[in-house]
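Student: Could we go through this structure together, with a reason given for each term that we use?

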Amino acid sequence: MHRLVVPKFSSEHRFACLALYRALLRQCTNLPQTALELIAAQSHVRERFRRYRHLQSPSQTANALRAGYEALDLLHSATKGNKTSIRLISAILGEADSVKRRKQAVQDALAKARPVKEPSAKQRKIVENVRRQEMTAKRHPEAESILMRPRPAVSGRRRIPVLVNARGFPFLRIKKPQPKNLSGVLHSKLVRRQQFIDRRDRLEPEILFGHDEDKWDAMTTGSENTTWASEPTAALEDTRSWIKNSDKKKQALAEAMWKVVLAERDLAKKERQAEIQKRAVHDKRTGENQAEAKT
């Protein structure tokens with residue numbers, strides 16, 4: 001039995017196709033520049049190779065390679081100034097362009113005749129989220145600080161904020177999705193803190209190296225007023241101080257936000273009790289009116 005050869009898994013076949021592809025493109029660049037209709041030759045070669053790259057039939061593969069070698073001879077003849085070859089290439093490119101235009105016209109007609117499909121719930125949600133992110137990209141000019149809450153009165157049901165810990169940075173979430181402006185602020189704060197942490201991790205071994213240099217200087221040239229470890233030590237103290245102050249500010253902010261949450265809970269509880277009492281009074285009056293109507 002003959003061994004079954006899959007063209008795309010054959011190194012000889014791949015080498016031959018790539019060699020033919022490079023040769024055709026090279027000949028396309030050497031075509032006469034006077035004929036403007038020959039400019040599309042290179043794109044035509046690329047499009048044909050992309051179309052037939054998945055051929056598996058031996059007969060179809062052989063026919064495609066034979067056509068490629070004939071095209072190579074035709075291009076070579078055109079580069080030498082053969083007018084017949086140039087006219088033939090122009091005719092082939094013109095026919096290919098007209099076929100492409102007809103197919104595009106058919107596709108456009110089918111697209112117009114096809115009924116418009118209503119977007120699904122998932123697609124509508126995606127569009128709404130994108131629109132909301134665009135609207136919340138900048139801080140609203142009339143936005144007030146979250147610490148100005150709780151509001152004494154609200155329209156509708158009161159939303160109790162949730163205290164959230166974003167990798168050490170507290171913030172109050174009123175509702176989802178999260179505004180883009182808030183996400184940007186949190187990201188910048190996290191990046192800034194990570195920069196100081198990385199600086200601290202770099203300075204700690206630098207101090208050890210500085211102490212070794214100071215010991216070496218003491219053994220060779222004697223002690224000096226300015227030591228190698230003094231600058232990294234001062235920088236490390238500043239970095240640790242910044243991190244410590246940042247943590248204190250975050251702790252104070254978290255405590256203030258938690259007080260806001262507790263105050264919002266108390267007001268929400270009072271509003272619910274007032275609503276229950278109001279409904280009870282309304283139901284009582286309604287029952288009395290119905291009883292009087294029956295009598």
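Tutor: What follows is a set of questions and answers about this predicted model.

Student: To begin with the whole chain, how many helices and strands are there, and what pattern do they follow?

Tutor: The chain has seven helices and two strands, and along the sequence they come in the pattern α-α-α-α-α-β-β-α-α.

Student: How do you know whether the chain is spread out or a compact globule?

Tutor: We set its radius of gyration, 39 Å, against the 19 Å that the globule rule gives for 295 residues, and because the value is well over that, we conclude that the chain is more spread out than a compact globule. Its C-alpha atoms fill a box of roughly 110 × 100 × 55 Å along the principal axes, its accessible surface comes to about 23,100 Å², and 20% of its 295 residues count as buried.

Student: What makes the set of residues that includes L24 and L31 a nonpolar core?

Tutor: A nonpolar core is a set of buried residues of certain kinds, Leu and Ile among them, joined through side-chain atoms within 4.5 Å. The largest such core here has 16 residues, and those with the most contacts inside it are L24, L31, L38, L75 and I89. Two or more residues each come from helix 1 (11–29), helix 2 (41–51), helix 3 (58–79) and helix 4 (83–113), with helix 1 giving the largest share, five residues.

Student: Which residues is L31 in contact with, once its neighbours within four places in sequence are left aside?

Tutor: L31 is then in contact with L38, A41, L75, A78 and T79, where contact means that heavy atoms lie within 4.5 Å. Apart from the largest core lies another one, of six residues, including V164, F171, L186 and L190.

Student: Why is A229 called buried?

Tutor: A residue is called buried when its relative accessible area is under 20%, and A229 has 4%, so A229 counts as buried. A229 is found in the loop between helix 6 and helix 7, and, leaving aside neighbours within four places in sequence, A229 is in contact with I207, G210, H211 and D214. The C-alpha atoms of A229 and H211 are separated by 5.7 Å, although these residues are 18 apart along the chain.

Student: Why does S230 count as partly exposed?

Tutor: Partly exposed is the class between the cut-offs of 20% and 50%, and because S230 has 30% relative accessibility, S230 falls into that class. S230 is found in helix 7 (residues 230–294), and the distance from S230 to G210, C-alpha to C-alpha, is 8.0 Å, with their places 20 residues apart in sequence.

Student: What makes R157 exposed?

Tutor: A residue is exposed when its relative accessible area is over 50%, and R157 has 80%, so R157 counts as exposed. R157 lies in the loop between helix 5 and strand 1, and its C-alpha atom is separated by 8.9 Å from that of E271, a residue 114 places away along the chain.

Student: What is the phi of R167, and why is R167 called exposed?

Tutor: R167 has a positive phi of about 55 degrees although R167 is not a glycine, whereas most residues other than glycine have a negative phi. Its relative accessible area is 63%, and because exposed means over 50%, R167 is called exposed. The place of R167 is the loop between strand 1 and strand 2.

Student: Where are the cis peptide bonds of P150 and P177, and what is omega for each?

Tutor: One cis peptide bond joins R149 and P150, with omega about 5 degrees, and P150 is found in the loop between helix 5 (121–135) and strand 1 (162–166). Another cis peptide bond joins K176 and P177, with omega about 0 degrees, and P177 has its place in the loop between strand 2 (169–173) and helix 6 (180–220). For comparison, most peptide bonds are trans.

Definitions and conventions. Residues numbered from 1 in each chain as written. Predicted model: local features only at pLDDT ≥ 70, side-chain atom pairs only at ≥ 80, totals over all residues. Heavy atoms only, no water. Buried < 20%, exposed > 50% of the residue type's maximum accessible area, 1.4 Å probe, protein only. Helix = DSSP H or I, 4+ residues; strand = E, 2+ residues; numbered from the N terminus. Rg over C-alpha atoms; globule rule 2.2 N^0.38 Å. Areas by Shrake-Rupley, 256 points an atom, 1.4 Å probe, with all protein chains shown as cover.
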